[in-house]
Amino acid sequence: AKISITYHDKSGLISADAVLCQLPKENIKPLYEYLLRQNYSNEALAFSVHEQDIVLSLLIYDRYLNEETGRAMLRRLFDKADETDNILVEQYGAVWKEN
């Protein structure tokens, strides 16, 4: 997954977004249900949909960020993105994103 990191200077919000794959053309209800269940149990990570892309995001304010927490949270994002894109494609019919 391609991950982009942005920083909003005024608020101090750091976001890291991993674009995992794209929504399937049909039978998307089970996929949405899966994403919602995952959002309920994922600490500091959230799934969303932007246009046809399925995105996994990490949000943290700079005042809570240090080297240790940053490394751990980004590792969690990388690992979850790597695990979840395969699940979405293989089990829920999502489509790999063309780069």
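Is E33 buried, exposed or partly exposed? Keep that in mind as you click; the tour comes to E33 after the sheet and the helices.

**Before you start**

This is a predicted model, in which local features need pLDDT of at least 70 and side-chain atom pairs count only at pLDDT 80 or more, while totals for chains, interfaces and linings use all residues. Residues are numbered from 1 along each chain as its sequence is written, and side-chain values use heavy atoms, with hydrogens and water left out.

**Stop 1: the sheet**

Switch to cartoon view and select the strands. Helices (H or I, at least four residues) and strands (E, at least two) are DSSP runs, numbered from the N terminus. You should find an open sheet of four strands in the order β1-β2-β4-β3, with antiparallel pairing. Strands pair here if DSSP finds at least two bridges between them. Colour residues 2-8 and 45-50 next: these are β1 and β3, the edge strands, each of which pairs on one side only. On average, neighbouring strands of this sheet are turned by 30 degrees against each other, direction ignored. Axes are lines fitted to C-alpha atoms, for helices over the stretch in contact, and angles run from 0 to 180 degrees between N-to-C directions.

Now add residues 13-22, strand β2, which runs antiparallel to β1 and is joined to β1 by seven bridges. Pick out H8 and you will see L13 of β2 standing opposite.

**Stop 2: the two helices**

Select residues 29-41 for helix α1, which packs on the sheet and touches β3 and β4 (53-61). Contact means heavy atoms within 4.5 Å. The direction of α1 makes about 150 degrees with that of β3. Then select residues 67-92: this is helix α2, lying across β1, β2, β3 and β4 and running at about 20 degrees to β2.

**Stop 3: T84**

Stay in helix α2 and show T84 as sticks. T84 has a relative accessible area of 0%, so it counts as buried. The cut-offs are under 20% relative accessible area for buried, over 50% for exposed, and partly exposed in between (1.4 Å probe, protein chains only). Which residues does T84 touch, not counting residues up to four places away in sequence? Display L20, Y34 and F47 to see them. Draw a distance as well from the side chain of T84 to the backbone oxygen of K80, which it reaches at 2.7 Å.

**Stop 4: salt bridges**

The structure holds five salt bridges, each a side-chain nitrogen of Lys or Arg within 4 Å of a carboxyl oxygen of Asp or Glu. Three of them make good stops.

- **K80 and E83.** K80 forms a salt bridge with E83, with the closest N and O atoms 3.8 Å apart. Both lie in helix α2, three residues apart, about one turn of the helix. K80 is buried at 14% relative accessibility, whereas E83 is partly exposed at 43%.
- **K29 and E33.** Here the side chains meet at 3.8 Å, N to O. The two are four residues apart in helix α1, which means about one helical turn separates them. K29 is exposed, with a relative accessible area of 59%. As for the opening question, E33 is partly exposed, at 36%.
- **K97 and D53.** These side chains meet at 3.1 Å, N to O. K97 lies in the segment after α2 and D53 in strand β4, so the pair ties together parts that are 44 residues apart in sequence. K97 is partly exposed at 32%, while D53 is buried at 12%.

Methods:
A polar contact is a pair of N or O atoms within 3.5 Å; within protein, one must be able to donate a hydrogen and the other to accept it, and residues adjacent in sequence count only if both atoms are side-chain atoms.
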